[in-house]
Amino acid sequence: MLKRFIALSSLIFVFAAGAAAVSAQKWENFGSKEVKDRSEQDTWHIGNERGLWRGLKIAVGKRQVKFYRVRVTFSNGEEQEFALRSVIRAGGESRALDLTGSDRHINKVDIWYEAYTARRGVRSVVTLFGLR
């Protein structure tokens, strides 16, 4: 009985430690851009000196935004593209965009999008985050 209790306690501890490691992931803010109500493209210049990255995430504020694609350019010249083709509501965020390859020093990130509203002149805000 005591062995079973110890084994079960150890198993729970292992799962709790793993969950804490996942929730401890820190997303670093790369900055925000204002989005107009017409299709546009913006660039976030990250720079090699900021280190290696494992993923990206996009958050939306004020008004919903329609996304078309994201292109990541690495310092070695390679590129990785994501076709989002989705609308993210204000206060929402994209799924985590996993970066592939071994040299993940990001030079810049280009995003194509537009504020998705019925009225002209309404703007939104998009914030880009990186995961180490």
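Which residue in strand 6 is the bridge partner of Phe67? The bridge partner of Phe67 in strand 6 is Ser86. The structure is a predicted model. The protein chain contains one helix and nine strands, and strand 4 (residues 65-74) is described in most detail below, with its pairings to strand 5, strand 6 and strand 8.

**Chain overview**

- Along the sequence, the elements of the protein chain follow the pattern α-β-β-β-β-β-β-β-β-β.
- The protein chain has 132 residues, and 35% of them count as buried.
- Taking contacts between residues at least 6 apart in sequence, 77% join residues at least 24 apart.
- The protein chain has an accessible surface of about 8,200 Å², and carbon and sulfur atoms account for 53% of that surface.

**Open sheet of four strands**

- Four strands form an open sheet in the order 1-9-3-7, and the pairing is antiparallel.
- Strand 1 (27-35) and strand 7 (97-98) are at the edges with a single partner strand each, so each has one side without a neighbour in the sheet.
- The pairing of strand 3 (residues 55-61) with strand 7 is antiparallel and consists of two bridges.
- Leu56 has Leu97 of strand 7 opposite.
- As background, strands of a sheet pair through backbone hydrogen bonds, in a parallel or an antiparallel sense.

**Strand 4 and its partners**

- Strand 4 has ten residues, of which seven are buried, so this strand is largely enclosed by the rest of the structure.
- Strand 4 runs antiparallel to strand 8 (residues 106-115), and nine bridges join the two.
- Opposite Lys66 stands Glu114, a residue of strand 8.
- Strand 6 (residues 86-88) is also antiparallel to strand 4, with three bridges between them; the Phe67 and Ser86 pair links these two strands.
- Strand 5 (residues 79-82) is joined to strand 4 by four bridges, again in the antiparallel sense.
- Arg71 faces Glu81 in strand 5 across this pairing.
- Strand 4 and strand 5 make up a hairpin, with four residues between the strands. Gly77 lies in the turn and has a positive phi of about 95°.

**Gln80**

- Gln80 belongs to strand 5.
- The relative accessibility of Gln80 is 13%, and because the cut-off for a buried residue is under 20%, Gln80 counts as buried.
- The side chain of Gln80 comes to 3.0 Å from the backbone nitrogen of Thr100.
- Leaving aside residues up to four places away in sequence, Gln80 touches Val70, Arg71, Val72, Phe74, Asp98, Leu99 and Thr100.
- Thr100 thus appears twice for Gln80, in the approach to its backbone nitrogen and in the list of residues touched.

**Ser39**

- Ser39 sits in the loop between strand 1 and strand 2 (40-45).
- In sequence, Ser39 and Trp112 are 73 residues apart, while their C-alpha atoms are 7.2 Å apart in space.
- With residues up to four places away in sequence left out, Ser39 touches Tyr68, Tyr113 and Glu114.
- One of these residues, Glu114, is also the residue that stands opposite Lys66 in strand 8.

How values were computed:
Residues are numbered from 1 along each chain as its sequence is written. This is a predicted model: local features need pLDDT of at least 70, side-chain atom pairs count only at pLDDT 80 or more; totals for chains, interfaces and linings use all residues. Side-chain values use heavy atoms; hydrogens and water are left out. Buried means under 20% relative accessible area, exposed over 50%, partly exposed in between (1.4 Å probe, protein chains only). Contact means heavy atoms within 4.5 Å. Accessible areas come from the Shrake-Rupley method with a 1.4 Å probe; for residues, only the protein chains shown count as cover. Two strands pair if DSSP finds at least two bridges between them. A polar contact is a pair of N or O atoms within 3.5 Å; within protein, one must be able to donate a hydrogen and the other to accept it, and residues adjacent in sequence count only if both atoms are side-chain atoms.
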